[in-house]
Amino acid sequence: MKSAPYLAFLGLFLFSCKNGPEITTPEPGYLIAFNTYEPDSVVEDNWEIRIMDPEDSTHHSTNIINHPDVAWTYFAHGPTIYFISDRDTAYRHFFLYQMDSEGKNIQKLSNLRLEDSWMDLDPVTQTMIVSGRTENRYQLYLIDLKTGNYTPFMHDTTFKFQDPVFSPDGKQVAYVKSPKVQENGVFPEVFLINRDGSGEKQLTKFPANDPAAEKYGYKAGALKWHPTENFISYASSRGNTTSIFGIRPEGGESWKLFTSQNREVYHSWSPDGKLLTFEQSEPDSSSKGYKLILMNWETKEFQDISDPAFKTQLAPLLVQKN
């Protein structure tokens, strides 16, 4: 649920993708939660959260928020959906909430004000890592979901920290780091640090001679850690489009996860790493439009799972069926 510049950027693209083969979703089966912009008579800047069953051939989705807030989901664990919302405060003053896949049992989890950023959960300790703010913006915090208490994790006011993710074993954290004051040739990059705060290292290096270097768009962002193959996936703009790349935690060269001339940004892995879902649009287009894709990671087969009622569908998540 991005601001006006981001929406303008979205407006440059038209969704396009050939339908791929049907994908058999492994047990226990997953729903897809995603975000839509649905202005209404109450609030123009109204973002909703929808859910669908990809095995339903109609791909009809259900609005599970139905609230005139700005709501956006960045993360799901099992059947629980975590989202940010300004429902109890001022416009775009975001806090962390959870709900089930039917939009029921909504619960506010903490009084820490959040940035518009991806987040992650260590299920062993029930600790969420987020980009939040107290006296300073874009700092990383750990939220104890059992108590709502929060503590600083990365607190350096000369930098912005966003889109944090735990390693599958919870021993490391990857995140996007960038200087708060823009510097020529210095871009947002993926960094890695140990859970105890030691050993920070930079993993990515955006090519300064790339045509996208002077354009609005991701240099690095929307991080996810593959559950079984030990690499971090992230979005990065290159040339006239944006793709999903991979980088190993030990560093080295980044690579595109799959061949595509389309634009892919927000994405999510299934817990077993066998499914990847992402949004997709056609680059260099003057019309809005993002569709949802579900990919079998092992076979590279993909399926268009978009709800035909919406032109723009963003940031899909795999939510375990009850």
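Student: How many bridges join E4 to strand E5?
Tutor: First, this is a predicted model: local features need pLDDT of at least 70 and side-chain atom pairs 80 or more, while totals for chains, interfaces and linings use all residues. Numbering starts from 1 along each chain as its sequence is written, and side-chain values use heavy atoms, without hydrogens and water. E4 and E5 (residues 80–85) are strands, meaning DSSP runs of at least two residues numbered from the N terminus. They run antiparallel, and the number of bridges joining them is six.

Student: Which residue in E5 is the bridge partner of Ala-76?
Tutor: Strand E4 covers 71–77, and E5 covers residues 80–85. Ala-76's bridge partner in E5 is Ile-81.

Student: Which are the edge strands of the open sheet?
Tutor: Four strands line up as E4-E5-E6-E7 with antiparallel pairing, where pairing takes at least two DSSP bridges. An edge strand here pairs on one side only, which picks out E4 (71–77) and E7 (107–108).

Student: Is Ile-143 buried or exposed?
Tutor: Ile-143 sits in strand E11, residues 139–144. Its contacts (heavy atoms within 4.5 Å) beyond four places in sequence include Leu-96, Leu-114 and Met-128. Because its relative accessibility is 0% (the cut-off is under 20%, with a 1.4 Å probe and protein chains only), Ile-143 counts as buried.

Student: Which strand gives the most to the largest nonpolar core?
Tutor: That core, made of buried Ala, Val, Leu, Ile, Met, Phe, Trp, Tyr and Cys residues joined through side-chain atoms within 4.5 Å, has 43 residues, and Leu-96, Leu-114, Met-119 and Met-128 touch the most other members. With five residues, the top contributor is E4.

How values were computed:
Buried means under 20% relative accessible area, exposed over 50%, partly exposed in between (1.4 Å probe, protein chains only).
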